[in-house]
Amino acid sequence: DLLTAQNFYEKHKAALYRIPPKVKVRRLLMKSVGSGLPPMATEILKKAQASPGQFAALVKQYSADEKSAQHGGIVDFFVKGSHDAEFEKAAFRLKEVGDISPIIKTKAGYEILQLVERINAGEKSFDSVKDDIINSLKAKRAMSALRAELEQLSRATRNGSMQLDAFVAKHRCVARHTELLTDADTKENSLQALLAKKLFASQAKTAGFGYFAHDDCYIMY
C-alpha cells in the first residue's frame, strides 16, 4: 500500500498536492483625484525607488489606507485569487525583497507596492499526505469491487437467480419502498425522480433489476 501510495504521489503531486506561491507586500494607497493620479504620486514613487528601506515610513506618511498604514502598509501572505486582480498582478511580478512596483490602478485607487517576502510554489511532502492517499486508494478499490459485484448480481438477477437478498444482507443495505411512480415523477429533481427516469427508460429491456451511482452511494432497484 505504501509503495502504491508513493507512486500515486509522484504521478499526481504537481496537480493534486501543489502549494501555490505566496507573497507578503507593503502597500501605499493614494486616492484618485478626479479621474487621474493624485499630484504627489510620481514624487512619492521616486522617493520609494531612491530609498526602498524607507518605504514603511512613506506609507505611514502618505497612505490613505489608515489601517494598514499603522503597520507600515503590511499585507500578509496571500495567494492569487484573494485580492484585486491588478493588485495581485503587480505583487507577484515583484521578484526580490525590497523591490518597488510602478504606480498601479486598483479598485481602491492608485497604489505602490513593495515586496516583503516571497514563498515560491512547491508540493506538500509525501509524509503529510500519505495517509489520505492510502485511504483514498482503499476506497477506490472497494468501490471498484462493489461495482463488479453489482454487475455480477445484475446478470444473475436477470437470469432468474435469487441472490439479491444475500447481497443486501452482506452489505447491510437499507431497503425502502417508493410510492407508485409515474412518468410525471421524472420531471422532478430528486432521488425518486432519478429512480423514475431509470425505470421508465429501462423497463422494456431489463428483467426488473438495475443500479446507479448517486451522492457517493449505489442505488439498487
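**Notes on the cores, helix H3 and the largest pocket**

1. The largest nonpolar core of this predicted model holds 13 residues, and those with the most contacts inside it are Leu28, Met30, Phe55, Ile100 and Ile112. Such a core is a set of buried Ala, Val, Leu, Ile, Met, Phe, Trp, Tyr and Cys residues joined through side-chain atoms within 4.5 Å. Two or more residues come from each of S2, H2, H3 and S5, with H2 giving the largest share, 4 residues. A second, separate core of 12 residues includes Phe92, Leu94, Ile104 and Leu113.

2. A friendly word on conventions: numbering starts from 1 along each chain as its sequence is written. The model is predicted, so local features need pLDDT of at least 70 and side-chain atom pairs pLDDT 80 or more, while totals for chains, interfaces and linings use all residues; side-chain values use heavy atoms, without hydrogens and water.

3. Do have a look at helix H3 (residues 55-62; helices are DSSP runs of H or I, at least four residues, and strands of E, at least two, numbered from the N terminus). Phe55, Leu58 and Val59 are buried there (under 20% relative accessible area, 1.4 Å probe, protein chains only; exposed is over 50%). The buried residues line one face of H3, because they fall within an arc of 105° seen down its axis (taken from the directions from the axis to the C-beta atoms). Exposed Lys60 and Gln61 sit on the face turned away from that buried side.

4. The buried residues of H3 pack against strand S2 (22-30), helix H2 (41-50), helix H4 (66-69) and strand S5 (109-119), where contact means heavy atoms within 4.5 Å.
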